[in-house]
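Here are my notes on the model, jotted down while going through it. Have it open alongside as you read.

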Amino acid sequence: MVLLDFLSHSSIYFPPNDMLVRHRLLSLHPFATSFAASPPAPRPSAASFRPSLSLSARLKPANSPPPKRSAAAQPPAADELVRTALFVPPGVSREVVTPDMLLPGSNIVLGPYAGHAQIKQVEFVKSSARARDCPKDDRPEFAILGRSNVGKSSLINALARKKEFALTSKKPGKTQLINHFLINKSWYIVDLPGYGFANASQSARTDWSSFTKGYFLNRDTLVAVMLLIDASIPPQQIDLDCANWLGRNSIGMTFVFTKCDKMKGGKGTRPEENIKRFQDMISMYYKEPPPWIMTSSVTGLGRDELLLHMSQLRNYWDNNELD
Ligand code: GDP
């Protein structure tokens with residue numbers, strides 16, 4: 001399998017964690033896509049440059065040189081898609097990106113920092129009520145965030161290939177806590193409380209926002225937020241608000257669309273339409289599109305691709321926090 005071949009040939013350097021002294025500089029954060037405080041004037045051609053959701057690019061080794069185009073060849077339309085709406089990670093020049101460098105079902109270009117991605121070991125470390133109670137060992141972490149019922153537990157379990165990995169956060173009393181899971185002894189997945197509980201009291205909602213915002217604003221080791229969006233329903237204002245808050249605060253995020261298996265029939269709109277509408281609404285606020293990826297915990301869609309994406313964010317962070 002192409003993906004596994006790639007993983008086994010990865011040559012990314014993994015420095016031991018205890019050698020690392022990391023300081024996160026938000027202003028230099030490579031994955032905080034630039035955010036426009038007020039919507040910029042729409043670019044007339046932006047819509048036509050949006051990548052197709054059905055794009056099924058083959059995965060190529062990230063560290064192989066990009067294919068050369070002959071000088072005579074006219075850039076195909078797909079190249080224009082690649083140059084405009086894609087998330088291009090550090091280490092890759094936008095000019096050389098071609099569709100086959102894309103992770104399938106996403107706008108994410110795979111770059112030279114992608115490396116070891118599979119989850120081999122998971123260890124629940126602790127639940128914290130405040131950001132200052134979280135583990136203090138400088139390992140990089142990803143926060144998983146989304147509306148209640150978005151499929152967060154299912155996705156975390158799918159990433160870890162374990163049935164009950166994320167159950168901790170479902171236990172009474174743990175739902176309003178920040179739960180740290182140590183992955184492969186080297187990085188964390190952080191399970192944050194879901195927001196937008198239909199039945200939550202006003203005070204419970206306020207609690208959620210104040211303590212979770214404290215986490216985002218004070219957590220130096222946060223590499224990026226995986227913001228889960230349910231693709232089986234139309235865009236929800238609460239998700240847009242959350243994305244905009246993260247953007248305004250320069251916190252790097254990836255939109256992880258969940259439940260993308262619900263493609264056929266049924267009531268309402270299809271995931272592809274919902275995703276397109278969500279992106280249209282978000283694009284008003286971003287000069288550069290944040291990374292996004294389609295997933296399904298039922299079929300496994302996007303699972304390995306999301307892990308690869310996280311590996312390139314993590315490895316870039318590791319290598320650039322050493323100085
Ligand atoms: P959480 O509250 O965000 O942790 O959401 P859960 O993981 O508990 O999932 C909420 C509901 O959505 C459950 O009924 C899941 O079975 C369902 N669900 C979660 N992920 C998927 C998915 O990828 N596809 C489909 N069809 N259903 C899903």
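1. Start with helix α5 (residues 237-248) and helix α6 (residues 271-283): their axes approach to within 11 Å and cross at roughly 40°. Keep in mind throughout that this is a predicted model. An angle of that kind is neither under 35 degrees nor in the 65 to 115 range, so α5 and α6 come out as oblique to each other. As for handedness, α5 goes past α6 in a right-handed crossing.

2. Who touches whom here? On the α5 side you'll find Asp239, Leu240, Ala243 and Asn244, and they meet Phe278, Met281 and Ile282 of α6. Sorted by class, the residues of this α5 and α6 contact are five nonpolar, one polar and one charged.

3. Next pair: helix α3 (residues 152-160) and helix α7 (residues 303-320). Their axes come within 10 Å, with a crossing of roughly 80°. That falls in the 65 to 115 degree window, which is why α3 and α7 are called roughly perpendicular to each other.

4. For that second contact, α3 brings Leu155, Ala158 and Leu159, while α7 brings Arg303, Leu306 and Leu307. The tally for α3 with α7 is five nonpolar, no polar and one charged.

5. Now the ligand. How many residues surround the ligand? There are 13, and the closest are Lys152, Ser153, Ser154, Asp261 and Ser297.

6. A few polar contacts to the ligand are worth clicking on. A backbone N or O atom of Ser297 sits 2.8 Å from a ligand oxygen. Lys259 uses its side chain instead, with a polar atom 3.1 Å from an oxygen atom of the ligand. Val150 has a polar backbone atom 3.2 Å from a ligand oxygen.

Notes
Residues are numbered from 1 along each chain as its sequence is written. This is a predicted model: local features need pLDDT of at least 70, side-chain atom pairs count only at pLDDT 80 or more; totals for chains, interfaces and linings use all residues. Side-chain values use heavy atoms; hydrogens and water are left out. Axes are lines fitted to C-alpha atoms, for helices over the stretch in contact, and angles run from 0 to 180 degrees between N-to-C directions. Helices (H or I, at least four residues) and strands (E, at least two) are DSSP runs, numbered from the N terminus. Angles under 35 degrees count as roughly parallel, over 145 as roughly antiparallel, 65 to 115 as roughly perpendicular and the rest as oblique. A crossing is left-handed if the near helix is turned anticlockwise from the far one by less than a right angle, and right-handed if clockwise. Contact means heavy atoms within 4.5 Å. Ala, Val, Leu, Ile, Met, Phe, Trp, Tyr, Cys and Pro count as nonpolar, Asp, Glu, Lys and Arg as charged, and the others, Gly among them, as polar. A residue is near a molecule or strand if one of its heavy atoms lies within 4 Å of it. A polar contact is a pair of N or O atoms within 3.5 Å; within protein, one must be able to donate a hydrogen and the other to accept it, and residues adjacent in sequence count only if both atoms are side-chain atoms.
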